[in-house]
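Grab a pencil and work through these exercises with the model open beside you. Try each task before you read its solution.

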Amino acid sequence: MAQPSLSEIELEFYEKFFISRDMEPYPVQDQAFAHIFAGESVLITVPTGTGKTMIAKAGMWKALRLGQSAVYTTPLRALTEEKYRELCADFGDENVGFATGDYKVNPRAKIQVVVAEILWNRIFGDHDVKPADIVIMDEGHYLNSPDRGYVWEQSIIGLDARSQLVILSATVGNPEQFCLWVSQTRRVPMALVQSHERKVPLYHEYRESYLIEVVKDLFHNGDYPAIIFVFGREMCFEAARLLKSCRRFTSEEEVAAIAAAADGVFLDRGAAKDLRPLLLHGIGLHHAGVLPSYKRLVEELTLQRLVKFVVSTETISAGINLPAKRVVFPSLKKVIKGKPRLLLSEEYHQMAGRAGRPQFDKDGIAITLAPEEVVQAVRKEIKDLQKGKYTVDEVKIRRAVYLRQKADALRGRSVIWDPEEHNKLVQGKPAALRSKTQITADQILALGLPDLAKTTLAVPTDGAAPVPAEGTVTAEGAPVPAAAPVPAAAIEKPPEDDLPPSMNLNIKTVIDHLFVDERTKQAGRNRLQWLVENLQALGILDQHGQHIAGKMIRQLRGIDGPFVFYCLKNHDLPYEGLRELCEYLVDHEAIQKRLSRKDDDKKWEWIKERLRERRKTEDQVNREDVEAEYEQKFPRILAEIEVIHQAFLASVPHPELHGGKVHKVIWRIIEEEQLSFMDFVERHDLENEEGSLFTYLARVMKTARMLGEATELAEFTLLESNIRKILGAVDERIMEEKG
């Protein structure tokens, strides 16, 4: 049977997905389809709710009908699973595979639905630079994620030029410059399709009302489900309890349906005792401190309109398919590391864009509430004037109240918002795409060194220091601002005879092609040179750059391989020591900080009392002096792994590449005291951090697995198995991930 032509394939696609369903594509979809069926790489940047998934399906349909392969990747596991189920329904279970971590379904299927890290790993870990004929990256604006944006950027750099690349994104700034960078990097033209028009119009309201009033109004008018964005986990629960003071939002039949669904998910201990009554009331909680299985339950019940109001942090806005009829912002203030600031325009629009469900709503509305203290003061002044039968000038009263509140906020080093600030957010432009790759030791080793016998890693004579990472703090205490987007003039076209980076893929190639300016690239080359010097000092590389030892570190992606090599080479650690090593390597400190808080409180109380005492005789003494006295009087005894790490740092010429590790004892306590997950939660009052604890233990488990595969030490395999059993009792899908 002859292979159909591209025009026939395109017509078949329209017949299956539009004509047979009595639907019409949006104009922007038609534009995107034209590029996809022509085999062109393209960036599609459109508002939420503009049918990006249907655009992805066009690429997968074309691949299937041509007998080709397709990879569809998303940033989040929950979103990946959701898309997998949807694509199975459209293309048949036999044609669709799924992969996240080491959990795989139908790995030989023509269409593979994977989390973004899987695609990155296939390119850089398995050296499969052409993982598919067409690669579709959904939620491409995730390139701006500080933690995971590098996955998108590096996958683009490393992807074979023969693969058609389709990137689907929410609206972003500088799309032309980004497309130019992709074109110059891959040596393949990258087309652009963009639109700012939403199929479901989005409106923005500013109300001087209390949250409870707005929620009652939304429920009365049937304007739900609604998402209430709150910037803090504790505040999430406070807001949810406030909503629960309303009359129940659910009917008896809905309560029964929610209870039946919850019975199969909720544990009989921990946060479930607080979350279950909220759910039965029609209120869901969704943030990183909630267990993954509980969050999935909230998502499912909301999509069924059983949950009417979801109180969430902004994480729910980052790709999870949980559209709502309305979105509510009780506050526009965020507190980052103790410093308050107002939302950025791109943050606001990412969350506000959840309002308005295609095929369900004629519009979406994002409602911002005035500060509570403003609402209270305005109402009181109006009421007082009315009681005295004075003339009420509400405009004048509001103006005066806002001025007073702004002055109070300024004195208290806080921030406050008003209709003008709200309008600035609404009118703000979408965020420009920016590189988030940080050239760390882990990144260098994960991407692979170049052939050092043929490559010169010259460091400039001016000794330029590395460009600090966005979000870090300088020595003077000032935050490092976000890097500016790369102007088109700074994107230099490579020499005509220069090969695509996929044909010579290593860390230097990646650095040379990053979406950054030359100064930042040079800072990355400096770090590369310094790491090479560290590896030579450890005997991993010889003076000519040949890899003569420690080859297992190539498998340790995202882990400080040189330290692991040094540790295992110089110390014969028992199981307990290797367990300590795993926890030390994991970059997740939230739970350990909670455990250490009591000791920290005692320390600061001692310092406060001692400072008061010393100031009676020493006028110039300051807090730092007293803290130094405390450290001298009560020195912390270093754990064995910390002692080993200090010795390691002393053995390399550039120790700054290997810092930032924190000693943690969470899994040690659970294992040694034979605690269950919920035993540990209840002992340390972690009901609002169950999700964080789960994430931490999952990372320790995966670190143990990676170390076990690289070193073939049975202790690591045993450690992985022990953690998996504990987590499997909380979420049975963990047991499925054995492979």
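Helices (H or I, at least four residues) and strands (E, at least two) are DSSP runs, numbered from the N terminus. Residues are numbered from 1 along each chain as its sequence is written. This is a predicted model, where local features need pLDDT of at least 70, side-chain atom pairs count only at pLDDT 80 or more, and totals for chains, interfaces and linings use all residues.

**Exercise 1. Describe the overall build of the protein.**

Step 1: start with the elements. You'll find 29 helices and 16 strands.

Step 2: check the radius of gyration, taken over C-alpha atoms, against the globule rule of 2.2 Å times the number of residues to the power 0.38. For 739 residues a compact globule would come out near 27 Å, and the protein has 28 Å, so the two agree. The C-alpha trace spans about 90 × 90 × 55 Å along its principal axes.

Step 3: look at burial (buried means under 20% relative accessible area, exposed over 50%, partly exposed in between, with a 1.4 Å probe and protein chains only). Here 52% of the 739 residues count as buried.

Step 4: turn to contacts (heavy atoms within 4.5 Å). Take those between residues at least 6 apart in sequence: 74% of them join residues at least 24 apart.

**Exercise 2. Find the cavities and say what lines them.**

Step 1: get the idea. Rolling a probe the size of a water molecule over the atoms shows where empty space is left. On a 1 Å grid over the protein atoms alone, a cavity is a set of points where a 1.4 Å probe fits but cannot get out, and lining residues have an atom within 4 Å of a point. Grid points are joined across faces, edges and corners, and a volume is the space filled by probe spheres set on the points.

Step 2: count them. There are two cavities of 30 Å³ or more.

Step 3: take the largest cavity, with about 80 Å³ of space. Its lining includes Phe-237, Asp-274, His-287 and Glu-690. Now sort the lining by class (Ala, Val, Leu, Ile, Met, Phe, Trp, Tyr, Cys and Pro are nonpolar, Asp, Glu, Lys and Arg charged, and the others, Gly among them, polar). You should get six nonpolar, three polar and three charged residues.

Step 4: do the second largest cavity, at about 50 Å³. Phe-266, Ile-283, Tyr-294 and Val-298 are among its lining residues. Two or more lining residues come from each of α11 (272-281), β11 (283-286) and α12 (292-303). This lining has eight nonpolar residues, one polar and no charged ones.

**Exercise 3. Track down some unusual backbone spots.**

Step 1: which peptide bond is cis? The bond from Tyr-224 to Pro-225 is, with omega near 5°. Pro-225 sits in the loop between α8 (211-220) and β10 (226-229).

Step 2: hunt for positive phi outside glycine. His-127 has a phi of about 55°, and this residue lies in the loop between α5 (116-124) and β6 (134-137). His-127 is exposed, with 55% relative accessible area.

Step 3: try Arg-305, whose phi is near 65°. Arg-305 belongs to the loop between α12 and β12 (309-312) and, at 32% relative accessibility, is partly exposed.

**Exercise 4. Map the surroundings of Pro-340.**

Step 1: place Pro-340 in strand β15 (residues 339-342). With a relative accessible area of 25%, Pro-340 is partly exposed.

Step 2: list partners, leaving out residues up to four places away in sequence. Pro-340 touches Lys-333, Lys-334, Val-335, Arg-413, Ser-414 and Val-415.

Step 3: compare chain and space. Pro-340 and Ile-416 are 76 residues apart along the chain, and their C-alpha atoms are separated by 9.5 Å.

Conventions
Heavy atoms only, no water. 1 Å grid on protein atoms, 1.4 Å probe; cavity = no way out; pocket = protein on both sides within 12 Å on 5 of 7 lines; lining within 4 Å.
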